[in-house]
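Hi everyone, thanks for making time today. I'd like to walk you through a structure that may be new to you, so let's bring it up on the screen.

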Amino acid sequence: MPSRTTRPTSPAPTGVSRRAVLAAGAALLGGAATASSGAQSRSEDLADARRRGEWLHHPVIGDPSWDSFAREPGNPVHVGRDPYAWPVNGFLFRDPPTGRWYAYVSVYPRGYWGEPPANCLLLREGAPGRWEDCGLLFTDEAPAYAREEGRRGLMTDASVVFHGGRYHLLFGWANRANTRGGLGYAWAARPEGPFHPAPDPVHDDARQAPIRGRYVRAYASTLFRRRRDWLILHMMSTPGNVGGIWALCAMTAPEAGGPYGAPELLLYPQSERFHPALAEFYPAFAHGGRVYAPATSVAMNRTYQTIFTAGLEGAHRPDAWRVSRLGSAWHAEPAPSEAFGLWGQTFSGQVGPDGALRALFPSKDRSDRGTIGLARRPLARPYRRGFVLSAPRAPALAVLRRSYRSLRCRIAARSTGPWALCWGCRGPLGPNHHMADSAPHPLSLADRIEWRRAGDRWEGVEVDAAGLMRTLGSGTLPVSRGTEHVVLDVGEDGAAVRVGDSEVWRAPIPAREGRVELLAQAGTILRVERMDLAGPARGGWETWLASEGLAGAGAPARQWREARGGGFRLGVGRETDVVGARAKWSFVGCGYSLHAPRGPRYGRCRVLVDGVEVAVVDLRAPAEEPSRSIAEGTLPAGLHAVALEVVSGTVPCDCLEVLAAPVDGL
């Protein structure tokens, strides 16, 4: 909830608003966001895991990760084969009576829909690192609700609980045409089966009225036994699960097979709370009386994770959930079987008797075959020294949430492909579109200076605010076979770069205020072992694009139309005349300033901060007026959400400025 907000009827010019909010933010941060230079001039290792809160962690822009997961020997334990070329998700299960490990892996034909319909493959661990194929879980014998014209439909995404001498299994189902689907229940006397499906479904979307006008299909579920009842945590999406929006929901019942109550929305983009955009859940896991629900980005780079948590007994209530980890929970490895990052939904975690968190994870190789691998990390030691920036399919940025004019940066890094050390970065942030498979917006890679490294070449470039590049210098260097040491000095008289013991570039580039960033190009995994940075730092303002707001609200694809013109800060924004339509920006920070243009064709909107209305703004004006602040305020440093909602007429969506602030414990 905001500690102080303005309710402007005639907002002050942008510069005044920014200075006012910056000054208040500086007080909240104890000087870390000071408006003058001089703070943080000592050298510090920003690759230390204790500094992870000073970096941006974002599902699309990038996620420097300190996670300590190590791959297990023998990966991948399964590779897709025809007709099931795409093993996508899996559920890792340790059998309590025997201590043996099992994996219930969803297997699909290439393209998800086709012949034969998706099924579930059972893998069983024999000797450590050696897994045997126990065959498909579901045969042609299937309950009536999972059949169409006598033929079995899709039956997949299983989770298992052992209780009362039985193995209780929850699974997703759909008919072959995908016009009907939901959740089903089955039981068995052994973890290998055979499983006996109940005659009636746990959930059938043919009987589900749309929740909030959109959520219909229940799928990707995890079953839990609680003290007095059973809990299902499941995904929910649009009819047929065509995608675009995803929610985590809960259902409860007195018995494992039901009957279950109606789905309750827990975590979803249309809520008033902070919720990173474009993320899918499944499966969740429980440990120590708590349940953990990882959510993986469905952007082009699928390595970002938010981990949500709640007490198991109260996990059916939305108010029980909080963010346990914001990013830095997974990284990609340069293995042929992991070419697509986490391709699927998320990892399946289980805590073993040795105190390690063991994870089954889906990926994909470059021949378009799904793969299943295993990794583990000590539960009590989630981080390692140094971070990894993963860019399996699209560029990824590690964004330091501070601003510098002069600096010295010493970096020790190893890279599998092209990367860049960037400074003076002032470009806006956000995705190139607000649906799945998004990548950083081209403007997020603009307005900066870069020192680029690729193969045996280096290049110094300036990228202007429109994204046009000018080469400032170039040369050759021996191909790096290991850790490379790079030193960047930036001062009023120019910039210089040293690699190892040699200066490779010096240029009279005028000093400019801006962020420091690292850029990994598509296909690159950048490992930063150490990053010592010294220089006068200021608290950083970030400009977030309209596309971020649309993604954050789970906006329908065509609800907001593109609009161009000089009234928008960057010449382009979005507009809609749908009453009740929303944009929502989720961010970590201590201040905000929401911007919009005015003009004779615009109507009224309201602004909400963490669900509290802070302003109702009339954007009508006799003549076109350029974008400026329509609401701003200071906030406690933490996780926040600012929403723009249409009240009447046509309303523009431009950008949100955020005053960055580190948050401990995430």
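Let me start with a small question: in which strand is methionine 236 found? It sits in strand β18, which covers residues 230-237. Keep in mind as we go that this is a predicted model. Now, is methionine 236 buried or exposed? Its relative accessibility is 0%, so it counts as buried, the cut-off being under 20%. If you follow the chain 14 residues along from methionine 236, you arrive at alanine 250, and the C-alpha atoms of the two are separated by 9.7 Å.

Let's turn to the aromatic rings. How many aromatic pairs does a search of the whole structure find? The count is 19. One of them joins phenylalanine 281 and phenylalanine 308: the ring centres are 5.8 Å apart and the planes meet at 45°, so this pair is tilted. Where do the two partners sit? Phenylalanine 281 belongs to strand β21, residues 279-281, and phenylalanine 308 to strand β24, residues 305-311, so the pair ties together parts that are 27 residues apart in sequence. Both partners are covered as well. Phenylalanine 281 has a relative accessibility of 2% and therefore counts as buried, and phenylalanine 308 is buried too, with a relative accessible area of 3%. Elsewhere on the screen you can look for a cluster in which ring pairs link Phe69, Trp330, Phe347 and Phe361.

Next, two sheets. Here is one to find on your own copy: an open sheet of four strands, in the order β6-β7-β8-β9, with antiparallel pairing. Which strands lie at its edges? They are β6 and β9, the latter spanning 131-136, and each of them pairs on one side only. Averaged over the sheet and ignoring direction, neighbouring strands are turned by 25° against each other. Inside the sheet, strand β7 (residues 101-108) and strand β8 (residues 119-125) run antiparallel and are joined by six bridges. If you want a spot to zoom in on, valine 105 stands opposite leucine 121 in β8.

The other sheet is also open and has three strands, ordered β44-β45-β50, again with antiparallel pairing. Its edge strands are β44, at 561-564, and β50, at 651-653, and each pairs on one side only. Here neighbouring strands are turned by 45° on average, direction ignored.

Let's stay with β45 for a moment. How many bridges does it form with β44? Strand β45, residues 572-576, pairs with β44 over four bridges, in the antiparallel sense. Two contacts show how the strands line up: alanine 563 has glycine 573 in β45 as its bridge partner, and arginine 561 has glutamate 575. Towards β50, three bridges join the antiparallel pair, and there arginine 574 stands opposite cysteine 653. Strand β45 is also mostly covered, with four of its five residues buried.

Finally, the empty spaces. Rolling a probe the size of a water molecule over the atoms shows where empty space is left. How much space lies in the largest pocket? It holds about 760 Å³. Its lining is made of 34 residues, and those nearest its centre are Tyr112, Tyr219, Asn241, Glu280 and Gln345. The elements giving two or more residues to that lining are β6 (86-94), β12 (154-163), β13 (166-174) and β17 (217-225). You may recognise β6 as an edge strand of the four-stranded sheet. By type, the pocket lining divides into 16 nonpolar, eleven polar and seven charged residues.

There are closed spaces too: the structure holds four cavities of 30 Å³ or more. The largest cavity has about 70 Å³ of space. Among the residues lining it are Trp246, His275, Leu278 and His434, and the lining divides into eight nonpolar, four polar and no charged residues. The second largest cavity has a volume of about 60 Å³. Its lining includes His58, Asp63, Asn301 and Tyr304. In this case the division is six nonpolar, five polar and one charged.

That's my tour. Thanks for listening, and please do rotate the model and look around for yourselves.

Definitions and conventions: Residues numbered from 1 in each chain as written. Predicted model: local features only at pLDDT ≥ 70, side-chain atom pairs only at ≥ 80, totals over all residues. Heavy atoms only, no water. Pairing = 2+ DSSP bridges. Axes fitted to C-alpha atoms, helices over the stretch in contact; angles between N-to-C directions. 1 Å grid on protein atoms, 1.4 Å probe; cavity = no way out; pocket = protein on both sides within 12 Å on 5 of 7 lines; lining within 4 Å. Points joined across faces, edges and corners; volume = space filled by probe spheres on them. Nonpolar A, V, L, I, M, F, W, Y, C, P; charged D, E, K, R; others polar. Buried < 20%, exposed > 50% of the residue type's maximum accessible area, 1.4 Å probe, protein only. Phe/Tyr/Trp six-rings, centres within 6.5 Å; stacked < 30°, edge-to-face > 60°.
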